[in-house]
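Hi,

Here is the model I promised to pass on. Have a look at it first, and then read my notes below.

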Amino acid sequence: MTDANNAARIDNAPVFSAWEKPEPLPTGLPAVPTFDPELLPDALRGWAVDIADRMQCPIDMVAVTAMAAAGAVLGRKIGVRAQEKTDWTEWPNLWCCVIGRPGAMKSPAMSEALAPIRHLESKARLAYDAELRDWQEGELARKVREDAAKAGMRTRFKKDLDADVSDLQIANENGPTLRRFITNDATYEAFGTLLIDNPNGLLCYRDEIASLWKYLDRDENSQARGFYLQGWNGADSYTFDRIGRGTNVHVPSLTISLVGSTQPGKVQGYTARALRGGFGDDGLIQRFQLLVWPDQNPEWQDADRPADSDAKRAAFEGFARIDKLTEEAAGAERDTLDSDKPFLRLAPEALTIFRRWRAKHERRVRSGDLHPAMESHLAKYRTLVPALSLIDHLCDSGTGPVGERSMARAIRWAEYLEGHAARVYGAAVTASVDSANLIVARVKKGQLDATFRARDVSQKGWTGLTKSEAVTAAMELLEEYGWASRQTIQPGPQGGRPTDEWTINPYCLE
């Protein structure tokens with residue numbers, strides 16, 4: 001394009017005196033804190049460090065997965081009350097997402113971290129198979145007893161229709177129930193059925209969590225989305241009502257732990273929609289409290305050695321211990337009016353530091369200084385911190401009230417995780433920056449007028465700019481930093497909807 005044409009195009013834009021020089025657009029990803037293994041319970045620490053070293057992957061991937069798995073085993077077994085007198089109770093089921101590029105060892109690291117819960121699942125299946133064989137072997141005897149009881153009832157009823165046959169009634173003998181800990185790809189109805197037989201809750205593991213997000217985003221799957229959202233807090237029940245089928249299925253305890261991984265580009269796109277207030281702005285992504293996007297260590301060593309058997313044994317024993325844990329052994333309490341919910345409270349020292357942390361945290365969340373999406377994410381840390389403290393306490397054989405050390409670790413977890421959340425939400429802005437730079441470049445090249453509408457861009461078919469929502473997000477970012485202005489054009493006499501028209505700051509075209 002000639003200089004004359006470029007000058008004419010700038011002259012057609014608003015005069016410079018009507019504009020201020022724009023601010024630089026944000027660049028790069030925010031830094032994230034490194035993970036301190038001291039945040040892990042003693043029973044899990046050496047094992048997690050060993051896995052990360054042998055795989056040469058960030059320990060973050062192992063740590064968050066292991067904590068979510070431990071929380072899933074605890075499930076609805078015991079809750080924690082983070083205040084001295086109220087009945088506010090949190091359960092330790094958590095949602096975890098690990099973000100990393102392909103080849104970052106996400107899946108192998110997470111698979112290793114889930115090995116203890118899979119081991120519990122395998123043992124439960126073996127026990128079930130043995131119980132089922134015994135039950136099936138007694139099937140003939142049960143059938144003979146049932147037939148004999150029916151025959152006896154007939155004999156008595158022939159003599160007297162009001163005869164007492166209570167001594168002949170046989171209790172309904174149901175077969176054994178398979179105890180489950182983990183599932184991968186169940187429909188939400190099937191998930192609910194599994195939870196009926198497993199009221200302690202289940203862990204759902206999705207290697208590519210973005211596929212679940214995409215599935216739940218569809219309008220026809222809104223009920224499934226509601227099912228997952230409701231299962232996040234671990235405290236509710238759920239009822240499936242199907243009028244057409246005449247069925248009513250009640251899930252007494254809807255307790256869902258969720259673990260998965262995804263790639264940066266996929267989480268950027270999904271989070272960007274939440275930031276724009278689109279579908280996904282109902283708090284789904286914010287429920288992934290264990291959300292990490294660690295840096296890959298540029299140094300690599302060939303760690304060709306056996307696993308640390310002592311550390312692995314300690315971790316597996318830790319999981320087995322919390323699986324077998326009873327409320328009596330944990331020193332849990334029960335309310336007389338709500339006796340189905342055993343809980344632990346915080347020890348006085350733990351309560352003091354939690355109150356201090358929460359007061360500061362609540363002021364930040366309510367200040368109005370945070371982006372609404374980040375504000376919503378951090379607001380859920382008021383439930384995360386007590387849950388993490390409970391997991392830490394019980395993993396290390398704690399009994400009675402949750403102690404100061406476990407609470408201090410949980411608060412440090414929140415500080416660490418906030419840095420990663422800032423990267424995730426910041427990356428959504430970075431994606432818009434890339435699109436914004438592409439738009440400005442097209443204007444500079446004369447391929448787009450300095451004043452345009454979103455559809456003028458999306459209809460061009462340019463890579464990265466084919467969706468109107470992405471163009472709008474980019475333009476809103478340019479507006480925020482003074483690179484563009486917006487004018488809303490009202491519809492004409494024929495009707496329609498108002499349309500935003502954008503004008504690029506002429507300073508950006510120099």
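Before the notes, one cut-off: a residue counts as buried when its relative accessible area is under 20%, and as exposed when that value is over 50%. Keep in mind throughout that this is a predicted model.

Let me start with the sheet. It is an open one of 5 strands, paired in parallel, and the order reads β4-β5-β8-β3-β9. At its edges are β4 and β9 (290-292), each with a single partner strand, so one side of each has no neighbour in the sheet.

How much of strand β5 is buried? Of its 7 residues (202-208), 5 are below the cut-off, so the strand is largely enclosed by the rest of the structure. Its two pairings are easy to trace. On one side, strand β4 (residues 182-183) runs parallel to β5 and is joined to it by 2 bridges. There I182 sits opposite L203, and T183 sits opposite C204. To get from β4 to β5 the chain passes through helix α7 (residues 188-197), and this β-α-β crossover is right-handed. On the other side, β5 pairs with strand β8 (residues 256-262), again in the parallel sense, over 6 bridges. If you want a landmark for that pairing, find Y205, which stands opposite V259.

Helix α9 (residues 222-231) lies across β3 (95-99), β5 and β8, and runs at about 110° to β8.

Next, the nonpolar cores. As a rule for soluble globular proteins, nonpolar side chains tend to be buried together. In this model the largest nonpolar core has 120 residues, and those with the most contacts inside it are W213, F227, Y228, L290 and W413. Helix α3 gives the largest share of this core, with 13 residues. Y228 is a good place to centre your view: beyond four places in sequence, this residue touches W95, A186, F191, C204, L212, L216, I256 and L258. There is also a second, separate core of 25 residues, with A454, V457, M475 and I504 among its members.

Just ahead of β4, have a look at R180, in the loop between α6 (139-159) and β4. Is R180 buried or exposed? The relative accessible area of R180 is 19%, so this arginine counts as buried. A polar atom of the R180 side chain lies 2.9 Å from the backbone oxygen of I182. Leaving out neighbours within four places in sequence, R180 is in contact with E121, R125, L194, N198, G201 and L202.

That loop between α6 and β4 also holds A163. The C-alpha atom of A163 is 8.6 Å from that of M153, with their positions 10 residues apart along the chain. Not counting residues up to four places away in sequence, A163 touches R156 and F157.

Two loop residues have backbone angles you may want to check. Q56, in the loop between α2 (42-55) and α3 (59-74), has a positive phi of about 55° although it is not a glycine. Q56 is buried, because its relative accessible area is 18%. S397 also has a positive phi without being a glycine, in this case about 65°. You will find S397 in the loop between α15 (381-395) and α16 (404-444). With a relative accessible area of 44%, S397 is partly exposed.

Last stop: S458, in helix α17 (residues 454-458). Its relative accessibility is 13%, so S458 counts as buried. Which side chain does the side chain of S458 make a polar contact with? The partner is S468, at 3.3 Å. Setting aside residues up to four places away in sequence, S458 touches L465, T466, K467, S468 and V471.

If you open just one view, I would begin with β5, with β4 paired to it and β8 paired to it as well.

Cheers

Technical notes: Residues are numbered from 1 along each chain as its sequence is written. This is a predicted model: local features need pLDDT of at least 70, side-chain atom pairs count only at pLDDT 80 or more; totals for chains, interfaces and linings use all residues. Side-chain values use heavy atoms; hydrogens and water are left out. Buried means under 20% relative accessible area, exposed over 50%, partly exposed in between (1.4 Å probe, protein chains only). Helices (H or I, at least four residues) and strands (E, at least two) are DSSP runs, numbered from the N terminus. Two strands pair if DSSP finds at least two bridges between them. A crossover is right-handed if, with the strands pointing away from the viewer, the path from the first strand over the helix to the second runs clockwise. A polar contact is a pair of N or O atoms within 3.5 Å; within protein, one must be able to donate a hydrogen and the other to accept it, and residues adjacent in sequence count only if both atoms are side-chain atoms. Contact means heavy atoms within 4.5 Å. A nonpolar core is a set of buried Ala, Val, Leu, Ile, Met, Phe, Trp, Tyr and Cys residues joined through side-chain atoms within 4.5 Å. Axes are lines fitted to C-alpha atoms, for helices over the stretch in contact, and angles run from 0 to 180 degrees between N-to-C directions.
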